[in-house]
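User: Please take a close look at one helix in this model. I want its faces, what covers it, how its start is capped and where its residues sit among the nonpolar cores.

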Amino acid sequence: MDGVEIRDDRHAGRLEAVAGGEVVGRIEYFVLDDPAHALVPVHTIVEPAHEGKGIAGSLARELYALAAREGTVVAPLCPYVVRWAARHPEEAPAADPELLRAAKRWLSEHPERF
């Protein structure tokens, strides 16, 4: 993944992979505040020309690292992030089931967000 920078656009709810000034991949997420603070990834998208280069995995890894730096957790709803977390339990602590239920409720109450 040479030449790819990962940046967090918290306001927009996107963790972006940028190469050559172009966004080539992203994780779309929201921040849950109740019952606990959590980052909730909903979608992982990599532009077709950049698939197979490890971008999605790097985004997932950085999302968990970002959460750890902030002292919060990740409650993944995105199927890709769920699979990535299952393969990397040392980097991706499992989310509390109640937190996942709350994240699903929030998402169903805000369908316009994604």
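Analyst: On the face of H3 turned away from its buried side are Lys104 and Ser108, both exposed (over 50% relative accessible area; buried is under 20%, partly exposed in between; 1.4 Å probe, protein chains only). This is a predicted model, where local features need pLDDT of at least 70 and side-chain atom pairs count only at pLDDT 80 or more, while totals for chains, interfaces and linings use all residues. Residues are numbered from 1 along each chain as its sequence is written, and side-chain values use heavy atoms, leaving out hydrogens and water.

The buried residues in H3 are Leu99, Ala102 and Ala103. They lie on the same side of H3 because they cover an arc of only 100 degrees around the axis, taken from the directions from the helix axis to the C-beta atoms. Their cover includes strands S3 (22–32), S4 (38–46) and S5 (73–74). Helices (H or I, at least four residues) and strands (E, at least two) are DSSP runs, numbered from the N terminus.

H3 spans residues 97–109, 13 residues in total, and reaches 18 Å from first to last C-alpha, close to the expected 18 Å (1.5 Å times one less than the number of residues). At its N-terminal end, aspartate 96 acts as a cap, with a side-chain oxygen 2.8 Å from the backbone nitrogen of glutamate 98.

As for the cores, the largest nonpolar one has 22 residues (a core is a set of buried Ala, Val, Leu, Ile, Met, Phe, Trp, Tyr and Cys residues joined through side-chain atoms within 4.5 Å). H1 gives the largest share of this core, 8 residues. Leu99 and Ala103 belong instead to a second, separate core of 11 residues, which also includes Ala38 and Val42.

How values were computed: Contact means heavy atoms within 4.5 Å. A polar contact is a pair of N or O atoms within 3.5 Å; within protein, one must be able to donate a hydrogen and the other to accept it, and residues adjacent in sequence count only if both atoms are side-chain atoms.
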